[in-house]
Structures are given as structure tokens and as C-alpha cells.
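Good morning, colleagues. Please look at the sequence and the structure as they come up, and I shall then take you through three parts of the model.

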Amino acid sequence: MKILVINGPNLNMLGVREPEIYGTNSYASLCAFIEASAAAFGIECSLFQSNYEGAIVERIQQAYGAEDAIVINPAAYTHTSVAILDALKAVSLPAVEVHISAVDERESFRRVSYAGMACEKKIAGLGFEGYREALRYLAERYGGK
Ligand code: CA2
């Protein structure tokens with residue numbers, strides 16, 4: 001099974017600032033963690049990070065017919081982007097929303113998720129482990145197909 005893992009704006013800065021919220025590990029270590037988790041589940045995984053909304057929309061579109069599912073942490077675009085929601089709806093692939101922090105326990109604006117309206121599951125507050133949980137969920141649910 002092929003899974004696209006998307007990370008949104010500023011997640012390439014992981015480990016640089018706000019370690020109390022996002023931890024001390026870098027984006028490179030997140031990528032290594034996701035790749036190792038995917039390999040353990042027999043998943044072929046593609047990683048994509050962008051600070052640009054349109055680039056994320058285009059990468060979601062490219063997944064159509066090419067990948068089987070999407071794991072997405074849209075970062076700040078979670079709370080603003082109807083364009084990313086529409087792209088997820090357009091490709092109609094199973095999708096899981098992941099957040100490193102416990103978004104529902106932070107500022108009220110972080111409780112709103114547009115992308116989440118096109119995702120069948122949300123995992124938040126588990127740090128990097130949330131990505132592994134998302135991969136596990138998709139592999140168990142769709143891996144045999
Ligand atoms: O908890 C998450 O994963 C978030 O998606 C992270 C976003 C935030 O806007 C969402 O509400 C929740 C922010 C990512 C910014 O990452 C940083 C990394 C290092 C230093 C500062 C920010």
C-alpha cells in the first residue's frame with residue numbers, strides 16, 4: 001500500500017523553537033521516524049512538506065490514482081484552508097489528520113479543522129507517535145485492498 005504523508009507550514013522548523021509544545025526533535029528525525037514506521041507496516045511512503053497552501057493542494061491532487069491513502073498534518077492551514085479541504089474531497093482517498101500537539105486543549109481557533117472534515121480519523125497530542133498510529137490505522141483498514 002502507498003501512503004502520502006503531508007506536513008504543512010513551519011513543521012520544517014521542528015526542534016528549533018517551542019520545544020515545550022512540539023518537542024526537541026527535528027523535521028529530519030520526524031521523516032526518519034515516519035519512514036521506519038511505514039517500513040514496519042509494509043507501507044510504501046512518500047513524504048511531502050511545504051510552507052505553501054497551493055503546493056499542498058497540488059501534491060494532494062497528484063495522489064489521485066497514484067497513492068492509496070493520505071496522512072496529513074496541515075499545521076496552521078488546518079484552521080483556515082478550504083482549498084486543502086476541497087483537494088482532499090476531490091481525490092476522495094482515505095485520509096487521517098495528525099497533530100503533534102493536543103490542538104483541542106489549546107486556543108479555541110485550533111479546535112476548528114477544515115481539513116478534518118475530509119478525514120476519517122484525527123490523532124492529536126501524541127507527538128511523533130501520532131503519525132505511526134495513523135499509518136497503522138490505514139494499513140489495518142485498507143492494507144489488504
Ligand atoms: O500540533 C500540530 O501538529 C499543529 O498542526 C502544528 C501547527 C499548529 O498551527 C497547529 O495548530 C497544530 C504549527 C506547526 C509549527 O511548528 C513549529 C515548529 C517549530 C517552531 C515553531 C513552530
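I begin with a side-chain pair: the side chain of Arg-106 makes a polar contact with the side chain of Tyr-22, at 3.0 Å. Please bear in mind that this is a predicted model. Arg-106 itself sits in the loop between β4 (95–99) and β5 (121–124). If we set aside its neighbours within four places in sequence, the residues in contact with Arg-106 are Ile-21, Tyr-22, Ser-101 and Arg-111.

Ser-101 brings us to the ligand, since a polar side-chain atom of Ser-101 lies 2.6 Å from an oxygen atom of the ligand. How much of the ligand does the protein bury? Taken alone, the ligand exposes 510 Å², and the protein buries 93% of that. The ligand is surrounded by 17 residues, of which the closest are Asn-73, His-79, Ile-100, Ser-101 and Arg-110. For Asn-73, an N or O atom of the side chain is 2.8 Å from an oxygen atom of the ligand. For Ile-100, a polar backbone atom is 2.7 Å from an oxygen atom of the ligand.

Finally, I turn to a pair of helices. The axes of helix α3 (residues 53–62) and helix α4 (residues 82–91) come within 9 Å and cross at roughly 5°. Angles under 35 degrees count as roughly parallel, and α3 and α4 are therefore roughly parallel to each other. On the α3 side, the contact is made by Glu-53, Ile-56, Val-57, Ile-60 and Gln-61; α4 contributes Ala-83, Ile-84, Ala-87, Leu-88 and Val-91. By class, this contact has eight nonpolar residues, one polar and one charged.

Thank you for your attention.

Key
Residues are numbered from 1 along each chain as its sequence is written. This is a predicted model: local features need pLDDT of at least 70, side-chain atom pairs count only at pLDDT 80 or more; totals for chains, interfaces and linings use all residues. Side-chain values use heavy atoms; hydrogens and water are left out. Axes are lines fitted to C-alpha atoms, for helices over the stretch in contact, and angles run from 0 to 180 degrees between N-to-C directions. Helices (H or I, at least four residues) and strands (E, at least two) are DSSP runs, numbered from the N terminus. Angles under 35 degrees count as roughly parallel, over 145 as roughly antiparallel, 65 to 115 as roughly perpendicular and the rest as oblique. Contact means heavy atoms within 4.5 Å. Ala, Val, Leu, Ile, Met, Phe, Trp, Tyr, Cys and Pro count as nonpolar, Asp, Glu, Lys and Arg as charged, and the others, Gly among them, as polar. A polar contact is a pair of N or O atoms within 3.5 Å; within protein, one must be able to donate a hydrogen and the other to accept it, and residues adjacent in sequence count only if both atoms are side-chain atoms. A residue is near a molecule or strand if one of its heavy atoms lies within 4 Å of it. Accessible areas come from the Shrake-Rupley method with a 1.4 Å probe; for residues, only the protein chains shown count as cover.
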